[in-house]
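This report is meant for a reader who is meeting the structure for the first time. Please look over the sequence and the model before reading on.

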Amino acid sequence: MGRILDGVNSPADLKPLSHEQLRQLAAEIRDEIELVTHQTGGHLGSALGVVELTLALHRTFDFSTDRLIWDVSHQVYPHKLVTGRRDRFRTLRQHGGLSGFTNPAESPYDVYAFGHAGTAVSTALGVLAGDGHMGRARKVVAVVGDGSLTAGVAYEGLNNAGWLGKNLLVILNDNRWSISQTVGALSRYLDRIRSNAVYREAKHELKNLIERVPLFGGTMEKALETVAHAVKGAVKGVNLFEELGFQYYGPVDGHDTEALEKALLAVRDLTGPVLLHVLTEKGHGHEGAETDAQRAHAAKVGGRPTLRLSPAPPSGAPEACKIEPPQPPKATKSYTQVFAESAIELAKRDKRIVALNAAMPDGTGLAKFEKELPDRYYDVGICEQHGIAFSSGLALAGARPIAAIYSTFLQRAFDQIMHEVCLQGLPVVFCLDRAGIAGDDGPTHHGVFDIAYMRPFPGMVLMAPKDGHELFRMLEWAIGHDTPVGIRYPRANVPDGDEPLFRKPIQAGEAEWLQEGKHGAILAYGSMVYPALDAARRLAALGLELTVVNARFAKPVDEDTVVRLAAGHPFVLTVEEHVLQGGFGSAILEAASLAGADVRKFVRLGIPDRFIEHGARPKLLEILGLDALGIARSAAKCAERAGVPARPIAL
Ligand SMILES: Cc1ncc(C[n+]2csc(CCOP(=O)(O)OP(=O)(O)O)c2C)c(N)n1
């Protein structure tokens, strides 16, 4: 018997299915997601948790006209499978294939290209208000996870929605997990609702009612109200969402499509803001997810899926987007690991050090720090703004906070970096993981703007290590420094082995000269230093002798080095894994101009003025000309333009 899934080409195909068929379809969707994510990686647990919710939403609404906005949108694999992308699903997160998030370029059912948490309510409210201005009437639904509801901006949205009173439906997808367990007082509040005995009884009653009541309307709404009232009465204190102006309904079992559908039908046409509380299980149906939801959050590439059905033949994957076989694990350490080990070692030496992250204990490596030094560790939730303001307080009181946050997520805290930290001159150490091309997650996650958004602030020091040893030394230096310091490092393994290749101690604002040559110079920053050395080696074999300098600092810039490079070489090529606008190369050009050096000699290589698609980091760096060969080609072009050597270089 063929799969039901193979007959679902658009949400319209879901509507005639019986609940029996829906259960079968849900199982097929889970199998497909498991199969694919174990080859491509991806947000397995989050996606498996919303299978029934996705089906119920698409059966209750018509999102070819209504609008469905997913918070973060990392959970949308079931949504992709039922909105006409089944044939391309096996290209998920592959370069040229489907994105791991919603993407309006892929489907009219995707409203936004999202990847950062907490903004679904605000944007959905905006769409609703915009529709009002344009004289359009359509329903708008925002789906928000309990983890994303820890983000401050989510409350800004709820606050405004409760005030404006528009017909916004917010679905709270409560699975008790962010990437790790959801932290914060709000999660305790939701726990109280969930574990409440009265709620459990009322839920039983609701189930009976659902079974008795024919699909619809007033009676169902009454049933939901009964449960909501029971919850309100039993959970101590006020209902947070009602106080914010929402009609609160639920909680509803998020894996019972029938109950979900009836609940959605009951609230669909209500007036005013409504919050439907849906309880789901992260990784539902995945072996071991009940005991280890954190591990189920993301699939490990090359891991073994837990299949119940036999997989469909690999159909439809465009030739260019074939799933690449899993790479064997590399023996070396990642920058993240080196950072975590360095932070622990330094914290053991210096009692003032505390470490902080925003809902990414594993991603930043700080889970290790928590194990060793639990009293000096904080996970603030998906609250980058709060996290940095909180760090400022820690520093004001004399502690030495290390705030480990991905480059792309720290963007959230732009004002706190300026206002709470830099203006106060406080020694917060910002450790920016995933700085540069982040890889398969794509443009929402590439961390390529941080130099530009941190460089303008007076007192800020910006550094980037070329390898693991330098990361340790930079962190050590930053802890001993009395102003804010940002250290960026990529999503990659460190290029060095056990012994450092170069040992020049870190000095404020001083670059490290690695080799000297007379035909030109490469001034590289952070992750680009080793590829620059490699490029120089390739060119040396062709007779081009280049100076290579590890810049170490993007702020303050080593002016002396800039002047010497310009004076002693026909060209200076700056290389960075960051956008060219306002980045490292711009800082060098500014310094050259200020120092009266010949700015015409400087050429900048970095990320151009466009959002970079998803794909494996090495592949994207190659496309961007930021691998060794690309740097060599750029340097050769500079040399040709400068007339050295006389004959053209073929690479
Ligand atoms: C601003 C921001 N910070 C951190 C992240 C990383 N992140 C991606 S998903 C996620 C957890 C989201 O939890 P929840 O909303 O409950 O969804 P679930 O995966 O549990 O379904 C986090 C922290 C992010 N996407 N955006």
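The sections below describe one strand with its neighbour, and then the surroundings of the ligand.

## Basis of the report

The structure shown here is a predicted model.

## Strand 4 and its partner

Strand 4, which covers residues 247-253, is largely enclosed by the rest of the structure, because 5 of its 7 residues are buried, that is, under 20% relative accessible area. Strand 4 is joined by 5 bridges to strand 5, made up of residues 274-279, and the two strands run parallel. Within this pairing, tyrosine 248 stands opposite leucine 275 of strand 5.

To pass from strand 4 to strand 5, the chain goes through helix 11, which spans residues 257-268, and the resulting β-α-β crossover is right-handed.

## The shell around the ligand

The ligand is surrounded by 23 residues, and the closest of them are His74, Gly147, Ser148, Trp177 and Glu384. Sorted by class, this shell consists of 8 nonpolar, 11 polar and 4 charged residues.

## Polar contacts and burial of the ligand

Glutamate 384, listed above as one of the closest residues, has a polar side-chain atom that lies 2.7 Å from a nitrogen atom of the ligand. Oxygen atoms of the ligand also have polar partners: a polar side-chain atom of serine 46 lies 2.8 Å from an oxygen atom of the ligand, and a polar side-chain atom of lysine 282 lies 2.8 Å from an oxygen atom of the ligand. Taken alone, the ligand exposes 580 Å², of which the protein buries 98%.

Terms used:
Residues are numbered from 1 along each chain as its sequence is written. This is a predicted model: local features need pLDDT of at least 70, side-chain atom pairs count only at pLDDT 80 or more; totals for chains, interfaces and linings use all residues. Side-chain values use heavy atoms; hydrogens and water are left out. Buried means under 20% relative accessible area, exposed over 50%, partly exposed in between (1.4 Å probe, protein chains only). Helices (H or I, at least four residues) and strands (E, at least two) are DSSP runs, numbered from the N terminus. Two strands pair if DSSP finds at least two bridges between them. A crossover is right-handed if, with the strands pointing away from the viewer, the path from the first strand over the helix to the second runs clockwise. A residue is near a molecule or strand if one of its heavy atoms lies within 4 Å of it. A polar contact is a pair of N or O atoms within 3.5 Å; within protein, one must be able to donate a hydrogen and the other to accept it, and residues adjacent in sequence count only if both atoms are side-chain atoms. Accessible areas come from the Shrake-Rupley method with a 1.4 Å probe; for residues, only the protein chains shown count as cover. Ala, Val, Leu, Ile, Met, Phe, Trp, Tyr, Cys and Pro count as nonpolar, Asp, Glu, Lys and Arg as charged, and the others, Gly among them, as polar.
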